[in-house]
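Trainee: I've got a new model to look at and I'd like to find my way around it. Could we take it one question at a time?

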Amino acid sequence: MEILRYAAFSADPAGGNPAGVVLDASTLDDAAMLAIAADVGYSETAFLVPRGGGRFTVRYFSPLAEVDFCGHATIASAAAYAERHGAGPLTFDTNAGTVEVSTAMAADGTATAILTSVAPRTAPIAESDLAALLDVLDWSAADLDPALPPRLAYAGNWHPILAAATRQRLSDLDYDMAVLGELMARRGWTTVDLVWRESADVFHARNPFPPGGVVDDPATGAAAAAFGGYLRELGTVTPPATITVHQGVDMGRPSLLTVGIGPDPSSGIAVSGAAVAM
């Protein structure tokens, strides 16, 4: 069994979000997968079980627990497979549902992948939960962008979305990991998607991930997909639309996520990026 290490949403191994990848996990049970993910130590490791014809059962583990879906580990896994077996379409059957993935190889040898999420949806965030979230982040209501209201968003995992009014507010991230982790565990949230809008189609993001033992995730494909669904439902974009999300900049691992938002409100969100072996 080979354990690969890839940086997703970057063509530079010093950037992006590191992911572990096991392209054939047929012989592994849950305990073994969790142990490997803990040993690798990245926010997620993807475990693929080949089903033939480019179809895989895929499971994702953080060092602490299984996660239903992980965008950056999906991009990393697809790129690793494309480098070894050639580019083309893949199908990932995840705990969150079926995710279609396409891969391509650039002239310089860089692998890129596009995932299409399960159908996204949003929900209101309870006032008490919003107050608790702002409190642990040491944010106030005045720190929020009124044009992008707080919501819960889903595209494989649930994420609260909070939009900062300024780039400085997004940069200044300091929170109690245990307190936030407890709140997120109670509510079933995977990461908190903190965003700032630079322009109509350019955003910056940070993603605290205490349930996975991660203070700040350098690139979060699942949250980017959920955010794309949020923007469509909110009417902030006019589909078909493409936005870019910059993440990981504040922690020295710059990542670039491209998000394609189709016009059908029930369609999945496309998230694409490069991935490179570390």
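**Finding the strands**

Trainee: How many bridges join strand 6 to strand 7?

Mentor: Strand 7 covers residues 97–105 and runs antiparallel to strand 6. The two form a hairpin with two residues between them. Strands here are DSSP E runs of at least two residues, helices are H or I runs of at least four, and both are numbered from the N terminus. Two strands pair if DSSP finds at least two bridges between them, and for strand 6 and strand 7 the number of bridges is six.

Trainee: What kind of model is this?

Mentor: Residues are numbered from 1 along each chain as its sequence is written, and side-chain values use heavy atoms, with hydrogens and water left out. Local features need pLDDT of at least 70, side-chain atom pairs count only at pLDDT 80 or more, and totals for chains, interfaces and linings use all residues: this is a predicted model.

Trainee: Which residue in strand 6 stands opposite Phe 56?

Mentor: Besides strand 7, strand 6 has strand 4 (residues 55–61) as a partner: three bridges join them and they run parallel. In strand 6, the residue opposite Phe 56 is Phe 92.

Trainee: How many of the residues of strand 6 (residues 89–94) are buried?

Mentor: Buried means under 20% relative accessible area, exposed over 50%, and partly exposed in between (1.4 Å probe, protein chains only). Strand 6 is mostly covered, and of its six residues the buried ones number five.

Trainee: Is Thr 91 buried or exposed?

Mentor: Thr 91 is found in strand 6 and stands opposite Glu 100 in strand 7. Leaving aside neighbours within four places in sequence, its contacts (heavy atoms within 4.5 Å) include Gly 54, Arg 55, Phe 56 and Val 99. Its relative accessibility is 12%, so Thr 91 counts as buried.

Trainee: Which residue in strand 4 is the bridge partner of Gly 52?

Mentor: Strand 3 and strand 4 pair in the antiparallel sense over seven bridges. They form a hairpin with two residues between them, and Gly 53 in the turn has a positive phi of about 65°. The partner of Gly 52 in strand 4 is Arg 55.

Trainee: And which residue in strand 3 does Val 21 stand opposite?

Mentor: That takes us to strand 2 (residues 17–22), which runs parallel to strand 3 (residues 44–52), with four bridges joining the two. Opposite Val 21, in strand 3, is Ala 46.

Trainee: What is the relative accessibility of His 72?

Mentor: His 72 is found in helix 2 (residues 71–85). Not counting residues up to four places away in sequence, it touches nine residues' worth of partners listed here in full: Ala 8, Phe 9, Asn 17, Pro 18, Ala 19, Ser 43, Glu 44, Ala 219 and Gly 221. His 72 counts as buried because its relative accessibility is 1%.

Trainee: Zooming out, what is the radius of gyration of the chain?

Mentor: The chain has six helices and 17 strands. The globule rule (2.2 Å times the number of residues to the power 0.38, with the radius taken over C-alpha atoms) gives 19 Å for 278 residues. The chain comes close to that, so it is as compact as a globular protein of that length, with a radius of gyration of 17 Å.

Trainee: What percentage of the residues of the chain count as buried?

Mentor: Along its principal axes the C-alpha trace spans about 50 × 40 × 35 Å. Of the 278 residues, the buried share is 55%.
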